[in-house]
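Let's take a stroll through a protein and see what holds its charged side chains together and where empty space is left inside. Have the 3D view ready as you read.

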Amino acid sequence: MAEIIQERIEDRLPELEQLERIGLFSHAEIKAIIKKASDLEYKIQRRTLFKEDFINYVQYEINLLELIQRRRTRIGYSFKKDEIENSIVHRVQGVFQRASAKWKDDVQLWLSYVAFCKKWATKTRLSKVFSAMLAIHSNKPALWIMAAKWEMEDRLSSESARQLFLRALRFHPECPKLYKEYFRMELMHAEKLRKEKEEFEKASMDVENPDYSEEILKGELAWIIYKNSVSIIKGAEFHVSLLSIAQLFDFAKDLQKEIYDDLQALHTDDPLTWDYVARRELEIESQTEEQPTTKQAKAVEVGRKEERCCAVYEEAVKTLPTGELHQTMVCLPLWISWAEWSEGAKSQEDTEAVFKKALLAVIGADSVTLKNKYLDWAYRSGGYKKARAVFKSLQESRPFSVDFFRKMIQFEKEQESCNMANIREYYERALREFGSADSDLWMDYMKEELNHPLGRPENCGQIYWRAMKMLQGESAEAFVAKHAMHQTGHL
């Protein structure tokens, strides 16, 4: 082993001599580098190998490369890179190769290798690293996407990127992310070709290139991916994601329209479709030839957009299935989206009207989420007084969540003139619903009486015995344990 280490140190001598000769490092620094290199070489040449030793070796060499760069900049010397930096880069690549071969399942190690090659190595070398990594980690779509993006954006090779996506889809034929990124890549490719063709035309150059066909320039390859993917990946969410990508490319208007029309035709029963259509009404430009110019005209146009948006939400509520099964499953996201949009675009009265309509339409467990959002909106838009009014209007409208009552307790405690009677009311109502199972509620109620300036510590005994009567099984045991810890000062 000593002979191998000595041989590898001797291989370094030409680059080290150059570093000293051109004045980037002193003789003492070169001696220190040789000593450190010997220690590192010993660790990666011994019989029992540890990954950390290889990582430390690589990090030391990278630090050396960066130090050389800084000193080159300082003295303005840019020659002899082949003899110095390239030699170090090749050595680090060799260390990475050994490490990735031994610990081939370590994705982070591969990604470190990729990151190093991106900064220091040639593009050809990085392509080989990606190939080696994907041969082992073909089950990870994100790595295929990373490699394809690099081929497309750094090597400017659309064909290589395309081949990687096609190979990836053979391994992952139902991966939405792969289809989305492949779709994006083909649109980028079409846009690139359009710009190239435009530049040639400006220079009055007639270039024969089959890629400049009208179909390719319009994004036919992206259209094929779209058609194939939506036949495999079902659901409005995926469909909308493709439309959002297509909308980034001005030349793809026909494709955008087809995807939009298909969305409405294929996913009429999905609330996400209606939400997308409603929000799109806010983005559509005026159909009249003259665009509004005055503030008043612009305000009128905005009002029209908002009315169209609202009309879509109204139509959605009428159109979507309203049976009992649906009421407990498909409408909630639509109502929440409508309320969120209304909060930003309409008056408080309009938004509250949406919440009230929603509470009539959404029943069962889904209504719990809606009530919490209604209460949050009330406090956000109208402060404590509004939140209390909403709470009172809903306090007998079951089902609830514990969070619904805890929100009101927190809102009360945030007031300058905090009312302990109101806090007690919220706890009592919460315990009426959840007192048989939630030991934390009882404990927090007792702590409130003990710690609040207007609390009554003498009430704690009564609360304790009420809790013992109501709590069942493990909840009772948990309550006793927490109470004992609190008594001894641990809570």
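What follows covers salt bridges, cysteines and cavities, in that order. Keep in mind that this is a predicted model.

**Salt bridges**

How many salt bridges does a search of the whole structure find? The count is 38. Here are three of them, with the N to O distance for each.

| Basic partner | Acidic partner | Distance, N to O |
|---|---|---|
| Arg8 | Glu41 | 2.7 Å |
| Arg72 | Glu85 | 2.6 Å |
| Lys392 | Glu425 | 4.0 Å |

Start with Arg8 and Glu41, whose side chains meet in a salt bridge. This pair links distant parts of the chain, 33 residues apart: Arg8 belongs to helix α1, while Glu41 is in helix α2. Is each partner buried or exposed? Arg8 is partly exposed, with a relative accessible area of 28%. Glu41, on the other hand, is buried at 0%.

Next come Arg72 and Glu85, which form a salt bridge too. Arg72 sits in helix α3 and Glu85 in helix α4, with their positions 13 residues apart in the chain. Arg72 is buried, with a relative accessible area of 5%, and Glu85 is buried as well, at 7%.

Lys392 and Glu425 make the last pair in the table. Here helix α19 holds Lys392 and helix α21 holds Glu425, and the two residues are 33 apart along the chain. Lys392 counts as partly exposed, at 41% relative accessibility. Both residues also belong to a network of salt bridges, whose other members include Arg388, Glu396 and Arg429.

**Cysteines**

A disulfide is a covalent bond between the sulfur atoms of two cysteines. How many disulfides does this structure hold? Zero. Take Cys460: the nearest cysteine sulfur, that of Cys418, is 16 Å away. Cys460 is buried, with a relative accessible area of 9%. Cys175 is buried too, at 14%.

**Cavities**

Rolling a probe the size of a water molecule over the atoms shows where empty space is left. Here the count comes to two cavities of 30 Å³ or more.

The largest cavity has a volume of about 60 Å³. Helices α7 and α9 each supply at least two residues of its lining, and Met152, Phe165 and Arg184 are among the lining residues. By class, that lining has five nonpolar, no polar and four charged residues.

The second largest cavity has a volume of about 40 Å³. Its lining includes His189, Ile216 and Leu221. Helix α9 gives the most to this lining, with three residues. The split here is four nonpolar, two polar and one charged.

How values were computed: Residues numbered from 1 in each chain as written. Predicted model: local features only at pLDDT ≥ 70, side-chain atom pairs only at ≥ 80, totals over all residues. Heavy atoms only, no water. 1 Å grid on protein atoms, 1.4 Å probe; cavity = no way out; pocket = protein on both sides within 12 Å on 5 of 7 lines; lining within 4 Å. Points joined across faces, edges and corners; volume = space filled by probe spheres on them. Helix = DSSP H or I, 4+ residues; strand = E, 2+ residues; numbered from the N terminus. Nonpolar A, V, L, I, M, F, W, Y, C, P; charged D, E, K, R; others polar. Disulfide = S-S within 2.5 Å. Buried < 20%, exposed > 50% of the residue type's maximum accessible area, 1.4 Å probe, protein only.
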